[in-house]
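The exercises below each set a task and then work through a solution step by step. Please keep the sequence and the model open while reading.

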Amino acid sequence: MRKQFFIFGIIILFLSAIIAYYYKYSIFFPLTILAIIAIGFANSIQTKHAILRNFPVLGYFRYLFEMIAPELQQYFIERSTDGKPFSRNQRSLAYQRAKNIDSTTPFGTQLNLNQSSYEGIKHSIFPTVVNEELPRVLVGGQDCTQPYLASLLNISAMSFGSLSENAIVALNKGAQKGKFYHNTGEGGLTEFHLQGGDVTWQIGTGYFGCRDDRGGFDGGKFAEKANLPEVKMIEIKLSQGAKPGHGGVLPAAKNTEQIAKIRGVQPHTTILSPPSHSAFSDTKGLVEFIAQLRLLSNGKPIGFKLCIGETREFEMICQEMITQNCFPDFITVDGAEGGTGAAPLEFADGVGMPFEPALIFVNKTLARFEIRDKIRVICSGKIISGYSILRAVALGADMCNSARGFMFSLGCIQALRCNNNQCPTGVATQDKMLMKGLVVTDKSERVYHFHKNTLHAANELLAAAGKNNFAEVDINIFMRGDEFAHLSDLYFPDNLKSVRKH
Ligand SMILES: Cc1cc2nc3c(=O)[nH]c(=O)nc-3n(C[C@H](O)[C@H](O)[C@H](O)COP(=O)(O)O)c2cc1C
C-alpha cells in the first residue's frame, strides 16, 4: 500500500498543481495535498503503528472509527433492549424520570417473557393503595447513639476525582432537596459534598481526608470531619464489585492539582489506593476499627461495604462481631456487576460474586448467626428502576444505593469514557470545558426527580403485590421463568392446599 500511496500521492499533487495554475485556484489546494503526502511519508517510515506504516493516510480512519465506536454502536446499531451495561430502555427510563416527564411505554413489552430468564413480581388480585410517602429506613444498631432515618434509595459511592465538581455539587443539592444521602466515595469529603445534603462519608484504603503523613489512618482528622452535622453515616470500604481486591484507581489525566491537594498526593500521576487497609489486617481488627470509628464519631452509624468473594471470610466477620459483641450498623453489598470510574478488565469481568447470590448469601448468613435484626443490609448493583428496588428488597436488602442511575440523571450517556477524562457530558471528567456543560441548577433538579419518581414506581409495584410496606416483602413475591418452564410439577403440585377448606 505504501508504494501505491506514493504513486497516487505524486500524481494527485501534480494534477492539483496544474488545476491550480490553469483555473487560478488558491495555492493552498496543492499545499494541502503536499501536507497530506508529508504526513503519509512520516507515517510510512515510523515503526510504532503497523496500520499507519502500511496505510499512511487511510489508516487514520481506523483510529477515528475506533474512537467513536461507542457512539456508532449506540446511535446506529443498538436496539432498545440491548446496550451494555445498561440497555437503551433502561437509560431512557432514567432520563424520563429525571426530567419528570412521561415514562410510560407504548404497545407492550419488548422482552420475550416465555423464557427461563424471565423474572417478575407476583402481583395480587387485591392490590393495596399506593403510598404517596416515600419509604424510609432507620439505621442504627445497639451501640449507635445518633441513628439516621435514611431513604430507601440513595446515591452510591462515587468520588470527587472520578466525578466532576459540578456533578458532585448537583448530586448533593439533589440529595438535599429529596432528603436522601450522598455517599462521598473513597476520594474524601470535600466542600462540594457539603452543599446541604446528607452525607455518608466513605473511608477507603487511601484514608483520603483522614490520612497521616505516611498514608495511614489519622483518628484526629477523622473525628474532625465525622462530627460535621452533614455526615450522617460512615462507611469503611473493603471492596467494590467492579474491582474487588484491587483498590481505587485515579487515572493521571484526572488527578488535577485541586484533587491532588485534597487527597494529599502528587498531581498528574495515577493514584492507586492499596488493595487492603493498613488500620487492620484481620476480622478482629476490622470489628475493633468499627468500634473505634463509632467512638470517634460520637455514635454515628458505622458500616462497611464489600463485594462478596471468599464466603468463609464473611462468616468469620459475623462470628467475630458476636465474639466482640460489636456490630456494624449497616453492611453494603456490592454486586460484581457494579460500576467504576476505572478498573482492570480482568477484575471487572472476572472477580467477585454477582448481586443476586451475594445478597441472598449475606441475608441468609446474618440470619443463621441470628444477627440479621442488628444490621441493615444496603445493596448496590444496577438499581435503576422501581422494579430493581423491589427485587433487591425481595432478595434481602433493607435499602438500595444507585451510582450509575444517578449518573444518568446527571446526563451521562454511557459514552464509556469515565477513565480517560473525556466524558462528553461533564459528569466523569476533570476537564473544565466539558464540565461547563453540566449546569448544576438544572441537573440537581433531575437528581431530585429521578430519586422521587423511581421510589414512587417502587411504591406502585409494592401496592400491586398487595403489600403495605417494604418490610412485608420477601423472596416469595419474586418469580422466575424457570419455575414454570421446567419445574411446574415441583412448584405447583399442591397449590390448592393452602386455600381449600375441605
Ligand atoms: C464513576 C464511578 C465511581 C465509583 N467510585 C466508587 C468509590 O469511590 N467507592 C466505592 O465504594 N464504589 C465506587 N463506585 C461503585 C458504586 O458505588 C457502586 O457500588 C456500583 O457502581 C454499583 O452500583 P450501580 O450499578 O448503581 O452503578 C463507583 C462507581 C462509578 C460508576
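**Exercise 1. The annotated spans**

Over residues 28-45, what are the percentages of helix and strand, and how many Å apart are the end C-alpha atoms?

Solution. Begin with the conventions: this is a predicted model, in which local features need pLDDT of at least 70 and side-chain atom pairs count only at pLDDT 80 or more, while totals for chains, interfaces and linings use all residues. Residues are numbered from 1 along each chain as its sequence is written. Helices (H or I, at least four residues) and strands (E, at least two) are DSSP runs, numbered from the N terminus. On these terms residues 28-45 are 100% helix and 0% strand, with end C-alpha atoms 26 Å apart. Next, turn to residues 5-22, which are likewise 100% helix and 0% strand, and whose end C-alpha atoms lie 25 Å apart. UniProt, in an unreviewed entry, gives both spans the feature "transmembrane region"; UniProt positions follow the numbering used here, feature names are shortened, and annotations may be inferred rather than shown by experiment. Finally, the UniProt annotation "domain: Glutamate synthase", also from an unreviewed entry, covers residues 147-468, a stretch that is 38% helix and 14% strand with its end C-alpha atoms 24 Å apart.

**Exercise 2. The whole protein**

State how many helices and strands the protein has, and what share of its residues is buried.

Solution. The count gives 19 helices and 14 strands. For burial, a residue is buried if 20 or more other C-beta atoms lie within 10 Å of its own, exposed if 12 or fewer, and partly exposed in between, with C-beta atoms placed from the backbone. By this criterion 42% of the 502 residues are buried. The C-alpha trace spans about 100 × 65 × 40 Å along its principal axes.

**Exercise 3. From strand 6 to strand 11**

Follow the pairing of strands 6, 7, 10 and 11, and describe how strand 10 is covered.

Solution. Two strands pair if DSSP finds at least two bridges between them. Start at strand 6 (residues 198-203), which is largely enclosed by the rest of the structure because 6 of its 6 residues are buried. In a regular strand the side chains alternate between the two faces of the sheet. Here D198, T200 and Q202 point one way, and V199, W201 and I203 the other. Strand 5 (residues 181-183) runs parallel to strand 6 and is joined to it by 3 bridges, with N183 partnered by T200. Strand 7, also parallel to strand 6, is joined to it by 5 bridges, and V199 stands opposite V231 there. Strand 6, helix 8 (residues 219-226) and strand 7 form a right-handed β-α-β unit, where right-handed means that, with the strands pointing away from the viewer, the path from the first strand over the helix to the second runs clockwise.

Continue to strand 10 (residues 302-306), joined in parallel to strand 7 (residues 231-237) by 4 bridges, with K305 as the partner of K237. In strand 10, 5 of 5 residues are buried: I302, F304 and L306 point one way, and G303 and K305 the other. The last step is the parallel pairing of strand 10 with strand 11 (residues 330-334) over 4 bridges, where I331 is the bridge partner of F304. The chain crosses between these two strands through helix 11 (residues 311-324) in a right-handed β-α-β crossover.

**Exercise 4. Strand 13 and its partners**

Which strands pair with strand 13, and in which sense?

Solution. Strand 4 (residues 153-155) and strand 13 run parallel and share 3 bridges, L153 being partnered by C400. Strand 12 (residues 376-380) is joined to strand 13 by 3 bridges, again in parallel, and I378 stands opposite M399. Together with helix 14 (residues 386-395), strands 12 and 13 make a right-handed β-α-β unit. In strand 13 (residues 399-402), M399 and N401 on one side and C400 and S402 on the other are all buried.

**Exercise 5. A residue in helix 9**

Is E257 buried or exposed?

Solution. Locate E257 in helix 9 (residues 257-263). E257 is exposed, because it has 9 other C-beta atoms within 10 Å.
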